[in-house]
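Trainee: Before we go through the pockets, could you show me the model, so that I can ask how each statement about them is reached?

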Amino acid sequence: MNIYFYKYFFGYIFKSKTRQRLLFIAVAGLFLSSFSLLVIQSIMGGLQSGLIARSKNVLGQGEMALGPEDNYEEIFTTLRGESLAFYPEYEIELMAKKGNFVSPVVLHGVDFKYGTPPFLAKKDTSGIILGADLSSLLNSYFGSTIQFISPSHLDRLFGDIPRYVSEDVSDFYMSELTEVDSVNAWTRASLVQNLIRKRQYNKILFHSKHDYLKAQELFPDRTFVSWEQKNQSLVWALSLETNVMLFLFVSMTLLVALCITSGFLIFFDKIKIDLMSLWVLGKSKGQVMRLSFVFTQFLSFLFCALGLVVGLGVLSFLSSNQINVMPEFFVERSMPVKITAFGLVSSFLVPYLVASVFSYFSFSFFKKENQSFIGNIRKIV
């Protein structure tokens, strides 16, 4: 009996000559809300995760700070004993100069004796490895001699002269991130130590998250800085972008919910005589009202679920076919897709809960206006 009841409702909305176009537009809006929220979240998540992955590939998962008084060999031996991949280096901010071209640079003096960072594995580490944008700023090429000048280290032989070292460019690195490629350069630790006249390191870099967490357990009293802590502004900006997008879609769903309220009010007003007929045929008033309310919830659930299913299908198609839809200057030529549990749940619950609340309001208003079926039948008669 309940199945026929729901078939009647569906037929009245979608097949009847007097079908409710406003309600049809509202449920179509629910479908689009669920669909677009999932697709946008997944594509934005793919873009954001790609950016973070490229940055972590160079800057690592995190680092452990070192000081001039530390026993480096003891620390390195402890890390080696646990078979951890670590890369000690001395990072220093300098001025890079080639001819008349000058640019600030963050020079990483890496001790390759303990291994080569994964992103430099195929690079020539015999000289200087310049970030792609930095090399353009310095107008440099393979074999160019670069001077690295340190204003904080002075030679006092003929007055206070900034100390410098020179080295040839052996390779270039491109991360596709301007903030990385425009200021960073890598070389052997001995070159930087020769500049500062000290055999020191100021940090240990970890490119594996497991190794970084394990090192924190081995040295609980030392200072560790994760990638997220070093890039708090970027992490905050990406989080804000996601929250603003979610807020905009909630606002859009509220507009759809207003259509749902108006549509259901008109719909219930149109079928109230039929509902009274069911009461006359033997259905209790409570059953009629309960079935009507369940139908409003089922309609919202159905179209939100349909939007989710179609959205998953579109995302699966985009990720499997790798269609180039982005301009050539974009790093990601195809649409990157990252489907998360949060994205799935929020894409369904946000439109469904908003629609459910407003459906309940419209149903409550209808129920209040039709408390007495007998009175309504007498009016008709």
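Trainee: What volume does the second largest pocket have?

Mentor: In this predicted model, the second largest pocket has a volume of about 240 Å³, whereas the largest pocket has about 450 Å³.

Trainee: What makes a residue part of the lining of the second largest pocket, and which residues lie nearest its centre?

Mentor: A lining residue has an atom within 4 Å of a point of the pocket; 17 residues line the second largest pocket, and Leu59, Glu179, Val180, Asn184 and Lys230 lie nearest its centre.

Trainee: How do you know which element gives the largest share of that lining?

Mentor: The largest share, 3 residues, comes from H2, while strand E2 (87-98), strand E3 (101-110), helix H5 (178-181), strand E7 (184-188) and strand E8 (203-206) are also among the elements that each supply at least two.

Trainee: Which residues are closest to the centre of the largest pocket?

Mentor: Of the 23 residues that line the largest pocket, Gly45, Gln48, Thr242, Lys338 and Thr340 are the closest to its centre. Helix H2 (21-59), helix H8 (227-230), helix H9 (232-280) and helix H11 (341-369) each supply at least two lining residues, and H2 has the largest share, with 9 residues.

Trainee: Why does Gly45 count as polar, and how does the lining of the largest pocket divide by class?

Mentor: Gly is placed among the polar residues by the classification used, so Gly45 counts as polar; by class, the lining of the largest pocket has 10 nonpolar, 10 polar and 3 charged residues. For the second largest pocket, the lining divides into 7 nonpolar, 4 polar and 6 charged.

Note on methods:
Residues numbered from 1 in each chain as written. Predicted model: local features only at pLDDT ≥ 70, side-chain atom pairs only at ≥ 80, totals over all residues. Heavy atoms only, no water. 1 Å grid on protein atoms, 1.4 Å probe; cavity = no way out; pocket = protein on both sides within 12 Å on 5 of 7 lines; lining within 4 Å. Points joined across faces, edges and corners; volume = space filled by probe spheres on them. Helix = DSSP H or I, 4+ residues; strand = E, 2+ residues; numbered from the N terminus.
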